[in-house]
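I opened a fresh page for this one. My plan is to start with a pair of helices, then move on to the chain contact and the core.

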Amino acid sequence: MFRDLTLPALAAALAGLLALGVVLPSWLVFLLTVAFAKGLVVLGVVVMMRAGLVSFGQGLYFGLGAYTAGLVTNFLGVTDAVALVALGGAVSAVMGFALGFFMARYREIFFAMLSLALSMILYGILVRSSTLGSTDGFNLPSPTYLGLVAEGVVGRRVLYGLTVAVTIGVAMALHRFVRSPAGVMGEAILTNEIRVEYLGTSVTRVLHITYVLGAVVAGLGGALVALTAGHIDPDVAYWTTSGEFVFVAILSVIRHVAAPLLGMVVFETIRTFAFQYLPYTWQMVVGIAMLAVILFLPSGLWSLFARARQLGGGA
Amino acid sequence: MQKFYVILVDGTIYFSWLFIVSIGLTLIYGVMKILNIAHGSFYALGAYTAASAVGAYFAGNYPAAGSFLVLILAGVAVGGVIGFLIERGLLRAMYGRDEIVLVLVTYAVFLVFEDLIKLVWGVDPYFAYQPYALLGRVGIGGIGFAVYDLCLLALAILLGIFAWWALNRTRQGKLLLVVIHDREISTAMGINVSRMFTATFVIGAMLGALGGALTAPGISVVPGIGVDVIVLAFAVSVIGGLGSIAGAAIGALIVGLARASAVHLLPEVELFVIYAVMAVVLAFRPQGLFGRAVARKI
């Protein structure tokens, strides 16, 4: 029996990452901020995947979080980053709760397609709203942090700190969740749904909870990315964005709670460098990298670590 | 009344396009259970190849009527070759992996082709308007329509009838239906499933490329035309019930009419009316209109 050291390890990682945020060059801080914020979304996708829900439309909540942050800061004048991120998560939570009644009835490819359709509806609305800048989107002013003003490079580093804190906090919470009764039931549902019903648990309720969790986390991630980039456009809700999340989730495999974060850092790094050095063929580079991982690392990036030290117990 | 008529005709034209574009996708899903995102690449490849071929054809001063044949042959040829290479070279190694992994494989293929197409054809638009202009326009009921669009409709209907005939009235088609029904038993009965898969993927790719080729004369062929087609074809196939040819036809008709109505009555919702229809259909029939409900394992 191993003692579960994941939570202390995550806490240590948080301290380490915060320290790194002070010394790393500014561009790397930016890359890591985006990677962790998107990794947050992937964490949600992975938790949903454990219960058998593969969402090809997580861009819906990602976009919702991003646009909530953008609209609130531009039209209501709220500039506090913490409040904006919390609001992004809250709006996604409400939407996820409402749609969850509907979505929890679907499985497998139908769930995937329906979530895709919902995210494309949001995309269509955003593209059509000329007040929201249509396909161009709009800019966000740089946020404040609990009353403190931090701009330029300092602002970047502070936002990085906030993102890392939120991400690791969520990772800890989700790590606890997958060991909670609802989390464990999720895995049982994936194995055999009808037996879970026989045992007296409401499958729909467990899936609903899981779905809302995925939505909240995606909303938080969307708000963080919007603040980091300082700009949002409807592409946040497009299906290719959602496809990336699923890809990184598959790539990192459901082995460890830190795997999706690592996966996203790798993915963003590949993309950033491909975009920088091969601006005309960066999609090809990303595609080939995807194929290479699927072909040669069938159990995901994390297997490189797992192979080194065979740990028992899943996730 | 006039408006109603226009909606009907526009919707029907849009239907024929949607059906031609989606039939390959639904065929591949029906047989192989692969949700093929690379279908968008086949469409784009078909459009580019056809545009180049038609351009070259007209530069050579051949009789103009032959351009239709060039258009179709160019699309089918490029789809067949690329489809064969992808199935044999890549997908073959992936069978047996999770359905979602296969979706991601085709997504990766799609990304690769997006840039490959730009490398080959550049980023400037291509035009192959000649076949479209050649047929001229015709007035029906006081409204002018491009004859080319009406031909597309005829072609879509022919394609549908042909697909039905090929599946239900030929030996190979019947064998394919058996494979769709139960892959393992059909292997045991001596059907060469692996060859069936190759054939299906090649035909599906041909149909996707043909869709692009037939669309090319009516649009300007630019980078990124494949990306929207994918989700449209998904929506059509899902509404009809994934894997059902009749379903794809009904799905295309519903989507076509819904979009034409939106364009003429409520332009603001045009972009997402299709997905709204899809959500509504799935709300009432989770497996799509023509999909079979699958027994749940206990």
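**Helix pair first**

I looked up the handedness and found that helix 10 of chain A crosses helix 11 of chain A in a right-handed way (left-handed if the near helix is turned anticlockwise from the far one by less than a right angle, right-handed if clockwise). I was working with a predicted model, where local features need pLDDT of at least 70, side-chain atom pairs count only at pLDDT 80 or more, and totals for chains, interfaces and linings use all residues. Residues are numbered from 1 along each chain as its sequence is written, with chains lettered from A and ligands numbered from 1 in the order in which they are written.

I noted an angle of about 120° between helix 10 and helix 11 (residues 259-277) of chain A, their axes being 8 Å apart (lines fitted to C-alpha atoms over the stretch in contact, angles from 0 to 180 degrees between N-to-C directions). That makes helix 10 of chain A oblique to helix 11 of chain A (neither under 35, over 145, nor 65 to 115 degrees). Helices here are DSSP runs of H or I, at least four residues, numbered from the N terminus.

**Chain contact**

I found 33 residues from chain A and 35 residues from chain B in the contact (C-beta atoms, placed from the backbone, within 7 Å). Helix 5 of chain A gives the most to chain A's side, 13 residues.

**Around Ala235(B)**

Beyond neighbours within four places in sequence, I saw Ala235(B) in contact with residues including Ala117(A) and Met278(B).

Definitions and conventions. Contact = placed C-beta atoms within 7 Å. Helix = DSSP H or I, 4+ residues; strand = E, 2+ residues; numbered from the N terminus.
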